[in-house]
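Here are my notes for you on this structure, written as numbered points. Please read them with the sequence and the model side by side, and look up each residue as it is named.

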Amino acid sequence: QVQLVESGGGLVQAGGSLRLSCAASGRTVSTYHMGWFRQAPGKEREFVAAIKRNSGSTAVAASVKGRFTVARDNAKNTVYLQMNSLKSDDTAVYYCAADPRDWPQSGYNYWGRGTQVTVSS
């Protein structure tokens with residue numbers, strides 16, 4: 001079992017950048033495929049990005065492609081979400097997740113508590 005803790009959220013102006021971190025404990029991040037999701041007020045949770053355990057292959061949602069990138073540092077047991085050119089539509093709680101049943105989007109077994117990202121226009 002793995003515990004996930006997100007950090008790095010905050011308030012940023014439109015056009016700015018943030019880097020979210022997801023620190024794992026209990027098991028090493030290298031054990032799992034990892035993903036990022038977000039949920040805006042009044043909306044369903046949606047997939048943002050994911051990265052594979054071994055190959056480091058990534059998948060990114062169309063809505064953030066070209067602006068967001070996902071990376072992992074197995075030595076630090078951490079996964080990152082680099083967010084550039086942020087828009088007000090990116091405002092949401094961002095969640096880290098691990099161990100999907102169907103990579104990249106479905107059936108994640110472990111979730112963090114989330115970190116708030118607010119983009120002001």
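1. R101 is exposed, because its relative accessible area is 62% and the cut-off for that word is over 50%. Its salt-bridge partner is D102, with the closest N and O atoms 3.4 Å apart; D102 counts as partly exposed, at 42% relative accessibility. Please keep in mind, here and below, that this is a predicted model.

2. Elsewhere, salt bridges that share partners connect R38, E46, R67 and D90 into one network. The count of salt bridges in the model comes to 4. As general background, side chains of opposite charge can pair when their charged atoms come close.

3. Which residue meets the side chain of R38 in a salt bridge? That residue is D90, and the N to O distance is 2.9 Å. Since R38 belongs to strand β4 whereas D90 sits in the loop between β8 and β9, the pair ties together parts that are 52 residues apart in sequence. Is R38 buried or exposed? With a relative accessibility of 6%, R38 counts as buried, and D90 is likewise described as buried, with a relative accessible area of 1%.

4. D90 also meets R67 in a salt bridge, at 2.7 Å from N to O. R67 lies in the loop between β6 and β7 and D90 in the loop between β8 and β9, so this pair ties together parts that are 23 residues apart in sequence. The side chains of R67 and D90 are listed as a polar contact of 2.7 Å as well.

5. It is worth looking at the surroundings of R67, which is found in the loop between β6 (58-60) and β7 (68-73). R67 is buried, because its relative accessible area of 10% falls under the 20% cut-off. If neighbours within four places in sequence are left aside, the residues in contact with R67 are Q82, M83, N84, S85, L86, K87 and D90.

6. M83, one of the contacts of R67, leads us to the nonpolar interior. The largest nonpolar core has 35 residues, and those with the most contacts inside it are M34, W36, L81, M83 and Y94. At least two residues of this core come from each of β3 (18-25), β4 (34-39), β5 (46-51), β7, β8 (78-83), β9 (92-98) and β11 (115-120). Not counting residues up to four places away in sequence, M83 touches G16, S17, L18, L20, R67, F68, Y94 and V117. In soluble globular proteins, nonpolar side chains tend to be buried together.

7. Now please follow the open sheet of 4 strands, whose order is β1-β3-β8-β7 and whose pairing is antiparallel. Why is one side of β1 (3-7) and of β7 left without a neighbour in the sheet? Both strands stand at the edges and each has a single partner strand, so one side of each stays without a neighbour there. Neighbouring strands of this sheet are turned by 20 degrees against each other on average, with direction ignored. Within the sheet, β3 and β8 pair in the antiparallel sense over 6 bridges, and S21 has Y80 in β8 as its bridge partner.

8. β4 and β5 run antiparallel and are joined by 5 bridges; the bridge partner of F37 in β5 is F47. The two strands form a hairpin with 6 residues between them, in which G42 takes a positive phi near 75 degrees. How many residues of β5 are buried? The number is 5 of the 6, so β5 is largely enclosed by the rest of the structure.

9. β5 is also joined to β6, by 3 bridges, and these strands run antiparallel, with A49 standing opposite V60 in β6. Between β5 and β6 there is again a hairpin, with 6 residues between the strands, and G56 in its turn has a positive phi of about 75 degrees. As a reminder for reading such pairings, strands of a sheet pair through backbone hydrogen bonds, either parallel or antiparallel.

10. To bring the points together, please locate D90 once more and trace its salt bridges to R38 and to R67. Then move from R67 to its contact M83, which is among the residues with the most contacts inside the largest nonpolar core.

Key: Residues are numbered from 1 along each chain as its sequence is written. This is a predicted model: local features need pLDDT of at least 70, side-chain atom pairs count only at pLDDT 80 or more; totals for chains, interfaces and linings use all residues. Side-chain values use heavy atoms; hydrogens and water are left out. Buried means under 20% relative accessible area, exposed over 50%, partly exposed in between (1.4 Å probe, protein chains only). A polar contact is a pair of N or O atoms within 3.5 Å; within protein, one must be able to donate a hydrogen and the other to accept it, and residues adjacent in sequence count only if both atoms are side-chain atoms. Contact means heavy atoms within 4.5 Å. A nonpolar core is a set of buried Ala, Val, Leu, Ile, Met, Phe, Trp, Tyr and Cys residues joined through side-chain atoms within 4.5 Å. Two strands pair if DSSP finds at least two bridges between them. Axes are lines fitted to C-alpha atoms, for helices over the stretch in contact, and angles run from 0 to 180 degrees between N-to-C directions.
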